[in-house]
Amino acid sequence: MSIEFLSRLFEPMAVSIESSSSRGARNPDGIGRCEILAALNAAEHRSPDGADCIKAQYMGDLHAMKRLLAKFPENAVLSVIGMLTNQQKLLSLYKRHNPFGRREAKRARELEVIGKQELAEQVRQRIAERCLRDTQGGICPACNGTGELQKPKPHDCPNCRDGKVEPPTLTQDERHAEAGLLWMYGDAAQAFYSRVVSERAA
Ligand SMILES: [Zn+2]
């Protein structure tokens, strides 16, 4: 079973589950809300941690995310659900190269100088939030994901590889945890998938 197929299956899930008012509404794949919930149940039954990976990755479920982070190393969890990025490097590039990031970082420094620490902190928080949104998937703020800088003359961006800032390398322990999680994720995904197939056949 391909991961791509699973993504197509899971992508509409959040929408289907949220639109509880439109009972019986079906996504283009012909799977309704009830079927998805039943399939999620099956996945949970097979592997609770694996089901939490599915929910964290495809439904933005923060509770599932918290449960995973309480049990497994953060980098392993983020890697498994495709969210491992080098956030610190992205943020520092964002403050140097993104127009909003640069302007607001300057404002935060100025606020700090005149003793408005709290306001400065709020501004920094906003920069971090915008950075998280604008650099999803590790898009390099210096070259905007093109992998090339234009000034003074076109050259390869020194901050990234092909427009992406590489995620940090996992330690051996984190790799080990990642492998275990991937195994459970696969189990849960398989249970989910078989349930959907049997629902369709019914
Ligand atoms: Zn770059």
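Contact here means heavy atoms within 4.5 Å of each other. The model is a predicted one, in which local features need pLDDT of at least 70, side-chain atom pairs count only at pLDDT 80 or more, and totals for chains, interfaces and linings use all residues. Residues are numbered from 1 along each chain as its sequence is written, and side-chain values use heavy atoms, with hydrogens and water left out.

**View 1. A42 and its contacts in helix 3.** A42 is placed in helix 3, which covers residues 33-46, helices being DSSP runs of H or I with at least four residues and strands being runs of E with at least two, both numbered from the N terminus. Leaving aside neighbours within four places in sequence, A42 is in contact with A191 and R195. The C-alpha atoms of A42 and Y193 are separated by 9.3 Å, although these residues lie 151 residues apart along the chain. With a relative accessible area of 21%, A42 is partly exposed, a class that falls between buried (under 20%) and exposed (over 50%), judged with a 1.4 Å probe and protein chains only.

**View 2. E166 in the loop before helix 10.** The loop that holds E166 runs between strand 2 (155-156) and helix 10 (172-201). E166 counts as partly exposed because its relative accessibility is 41%.

**View 3. The whole protein chain, for orientation.** Ten helices and two strands make up the secondary structure elements of the protein chain, and along the sequence they follow the pattern α-α-α-α-α-α-α-α-α-β-β-α. Of the 202 residues in the protein chain, 38% are buried.
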